[in-house]
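Hi,

Here's the structure I said I'd pass along. Have a look at it first, and my notes on what turned up are underneath.

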Amino acid sequence: MKTFCGRANPTTGALDWMEESEEYDYHQEIARSCYADMLHDHDRNEKYYQGIRAAVARVKARGEKVIVLDIGTGTGLLSMMAVTAGADFCYAVEVFKPMAEAAQCIVKKNGFSEKIKIINKHSTDVTVGPEGDMQMKANVLITELFDTELIGEGALPSYEHAHQNLVQKGCEAVPHRATVYAQLVESKLLWSWGQLQPMDVEGASLLPPPDVGRCAGAHSVCDIQLSQVSPHSFTPLGPLCTIVDFSKPVSSVFKSHSSQFVAQSGGRAQVVLSWWDIDMDPSGSIVCTMAPSWTYPQSKMWRDHWMQSVYFLSAERRVTEGEELSLTVCHDDYSLWYSLQSDSQQDPQTVVPPSRPCCTCQAHLVWTRPRFGELNDRRRTESYVSALRSVLREDSVCLGISDGSLLPVFAHMLGAKKVICHSSSSSMFQHLLALYNSIKLQDLTCKAYFFQISVLMGEPYFSTSLLPWHSLFFWYCRTALAGLLRPNATILPSSATLHMMAVEFQDLWRIRAPCGTCEGFDVSPMDEMVQQSLDFRESREAEPHPLWEYPCRALTQSTAVMTFDFTQSVPQEPISSQGSLPFLRSGRCHGVALWMEYHLTDDITVSAGLIGPISEQGECEWSRHRKQGVYFLRSPWESSGDGRAAVSYNFTFEPSSGDIKMDFSIKSQ
């Protein structure tokens with residue numbers, strides 16, 4: 001069966017009606033689920049196995065039958081561990097139907113069908129009794145309900161319901177305890193992701209609008225691979241605090257917890273870095289930690305399903321060395337937020353817990369954290385200002401095509417006669433009008449296309465873009481506006497190039513690699529299910545990833561494979577490019593990295609991918625502001641680096657759809 005689906009095309013801007021299989025959403029969700037990442041996490045699996053063995057042994061030592069409730073079973077791995085450890089029966093709950101079906105196959109394949117029952121329900125819908133899903137309440141509770149923020153997947157309500165309805169009083173629990181850690185820091189880099197910073201343009205100091213500067217920002221967590229943030233980019237202002245201990249009975253109602261400490265150095269308190277540990281046993285001898293790698297030596301662990309958290313204070317404040325401070329964390333059933341108080345000025349009996357931060361300026365609802373960082377990047381700003389300065393004249397009439405861009409403000413300050421702004425967000429345009437209100441912006445108007453445009457400018461940036469080439473929407477806008485452009489109009493950027501290189505990932509390959517056997521259990525049915533869904537479409541497409549968080553080595557040189565000339569309209573016919581890149585370094589090629597570079601003028605280029613030269617060993621430095629494209633090879637290729645093997649590529653840009661079709665193969669001499 002086929003069905004027609006409407007899709008907003010991020011490249012052309014059109015509403016496309018596409019014929020899709022009824023199973024498209026099903027396959028897409030499975031293909032992007034990244035279950036393999038968890039199964040490749042040996043440290044997680046090993047710690048769970050140890051905790052399960054210990055819990056089963058404690059129940060058996062009391063002379064009881066071991067009845068296990070496994071909430072969020074996924075593949076059924078933890079239930080199979082429990083039966084292997086001696087459990088008498090397991091109830092394995094999985095709400096995601098495709099995964100529940102895969103778990104059923106895996107349990108059967110490993111010979112555990114008689115001792116494991118898969119229940120395809122949310123745990124809060126599970127019933128107990130002779131006619132229920134469970135014949136009796138469990139005395140061992142196993143859960144894997146966590147995300148980077150620990151409680152963001154609804155762990156607290158699920159625990160609360162389970163203890164009230166599904167497990168015996170005093171049951172064993174794996175994990176037994178979760179502890180959240182937090183550290184107050186000053187960081188110019190991280191703070192640039194949370195608030196718009198002052199900047200200098202042509203000798204004028206530009207300040208954000210008051211409503212943006214006073215805004216507490218969005219409360220949602222910023223989850224990143226904190227191991228890739230150098231300790232040199234932040235200054236700890238206090239010790240690492242144990243901020244929440246979930247070993248006590250859990251509740252999904254609002255709670256707050258405070259940790260008092262003395263500031264170990266002075267500075268601007270801006271950001272809270274946070275992560276958590278889980279103890280798999282009551283004694284705390286089996287610990288699975290999410291701490292970033294720079295907190296302990298010789299770390300080889302990597303996981304993408306659990307990362308670390310960055311929280312932005314509602315406002316930065318000065319602290320002095322030796323000052324007594326209190327860091328407070330509040331949580332509801334799904335999220336955490338932090339606040340800082342001076343401990344010497346508060347009475348613990350009367351202090352009111354802070355309310356959840358809420359964006360009042362709208363900017364934090366429209367701009368992502370990487371977008372804030374991009375707008376605050378002074379070197380990038382200097383490139384655009386220099387390019388604009390070189391093309392603007394006293395009689396220039398400028399039109400800016402980008403979402404929430406500052407280019408119209410820069411053009412006005414550089415002396416353009418008229419500046420017109422187009423943005424898909426009306427609230428972002430209002431911010432442009434309010435932005436830097438110390439200058440007069442009477443010549444900055446929105447969507448007033450009554451002039452012949454002499455300078456068409458864009459970063460380009462569009463909030464709807466997912467893959468690097470989606471920003472070619474600028475080209476389609478330029479084509480649509482051709483009748484409003486002066487014959488000698490300047491287009492900035494004048495062109496863009498798509499770049500590629502073959503890479504070896506340090507760890508990112510795990511999200512796509514089949515598992516086969518995990519901790520001695522055959523999980524190949526899951527591999528087959530994921531591969532079938534990938535083959536449905538996803539395996540022939542690139543996917544977006546912020547490669548600054550996922551280290552990789554270049555195995556070939558980087559090269560421009562396609563050029564898009566913005567000085568001309570979008571062509572009617574497809575653009576094709578073929579070629580090959582020899583492997584110059586030894587290593588395992590997992591796929592191809594793809595990114596865009598924008599040529600503002602003949603001598604000024606801004607890269608949304610590589611931002612520095614590749615080292616002799618192949619190490620790469622990536623832009624933190626944009627996601628790059630990654631095309632995973634179906635099977636990795638072992639490169640000897642002698643140049644006798646090469647990755648062949650074939651790209652076709654389809655103007656009618658805005659899509660770039662690509663194909664890669666490895667050829668060896």
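Accessible areas here come from the Shrake-Rupley method with a 1.4 Å probe. On that basis the protein has an accessible surface of about 28900 Å², and carbon and sulfur atoms account for 49% of that. Bear in mind that this is a predicted model.

First, the overall picture. The protein has 669 residues, and 56% of them count as buried. Its secondary structure comes to 15 helices and 36 strands. If you take the contacts between residues at least 6 apart in sequence, 77% of them join residues at least 24 apart.

Now the cores. The largest nonpolar one has 126 residues, with Leu69 and Tyr338 making the most contacts inside it. Strand β15 (residues 267–279) supplies the largest share of this core, seven residues. Beyond its neighbours within four places in sequence, Tyr338 is in contact with a list of residues that includes Val180, Tyr181, Ile243, Val272, Tyr311, Leu313 and Leu327. There is also a second, separate core of 80 residues, and Val212, Tyr384, Leu399 and Ala645 are among its members.

You'll probably want to look at the second largest pocket. It holds about 1400 Å³ of space and is lined by 49 residues. Nearest its centre are Leu189, Ser192, Gly373, Asp377 and His625. By class, the lining splits into 20 nonpolar, 16 polar and 13 charged residues. Helix α11 gives the largest share of that lining, five residues. Other elements that give two or more include α7 (188–191), α8 (210–214), β17 (308–319) and α10 (369–375).

A few local spots are worth a click too. Which residues of α4 are buried? They are Leu77, Leu78, Ser79, Met80, Met81, Ala82 and Val83. That is seven of the eight residues in the helix (residues 77–84), so α4 is largely enclosed by the rest of the structure. Just after α4, Gly86 takes a positive phi of about 115 degrees.

Phe96 sits in the loop between β4 (89–93) and α5 (97–109). Its relative accessible area is 16%, under the 20% cut-off, so Phe96 counts as buried. From Phe96 to Gly74 the C-alpha distance is 8.3 Å, with their positions 22 residues apart in sequence.

His590, in strand β32 (residues 587–599), is buried as well, with a relative accessible area of 9%. Its C-alpha is 6.8 Å from that of Trp637, although the two are 47 residues apart along the chain. Leaving aside neighbours within four places in sequence, the contacts of His590 include Val503, Glu504, Phe505, Trp509 and Tyr631.

Finally, some backbone details to check before you set anything up. The peptide bond from Val174 to Pro175 is cis, with omega near 0 degrees, and Pro175 is in the loop between β7 (167–174) and β8 (177–186). Leu492 and Pro493 are also joined by a cis peptide bond, with omega about 5 degrees; Pro493 lies in the loop between β24 (485–492) and β25 (495–505).

Two residues that are not glycines have positive phi: Leu150, at about 80 degrees, and Gln362, at about 75 degrees. Leu150 lies in the loop between β6 (138–143) and α6 (155–165) and is buried at 3% relative accessibility. Gln362 is in the loop between β19 (336–342) and α9 (363–366) and is partly exposed, with a relative accessible area of 36%.

Cheers

Definitions and conventions:
Residues are numbered from 1 along each chain as its sequence is written. This is a predicted model: local features need pLDDT of at least 70, side-chain atom pairs count only at pLDDT 80 or more; totals for chains, interfaces and linings use all residues. Side-chain values use heavy atoms; hydrogens and water are left out. A nonpolar core is a set of buried Ala, Val, Leu, Ile, Met, Phe, Trp, Tyr and Cys residues joined through side-chain atoms within 4.5 Å. Buried means under 20% relative accessible area, exposed over 50%, partly exposed in between (1.4 Å probe, protein chains only). Helices (H or I, at least four residues) and strands (E, at least two) are DSSP runs, numbered from the N terminus. Contact means heavy atoms within 4.5 Å. On a 1 Å grid over the protein atoms alone, a cavity is a set of points where a 1.4 Å probe fits but cannot get out, and a pocket is an open set with protein on both sides within 12 Å along at least five of seven lines; lining residues have an atom within 4 Å of a point. Grid points are joined across faces, edges and corners, and a volume is the space filled by probe spheres set on the points. Ala, Val, Leu, Ile, Met, Phe, Trp, Tyr, Cys and Pro count as nonpolar, Asp, Glu, Lys and Arg as charged, and the others, Gly among them, as polar.
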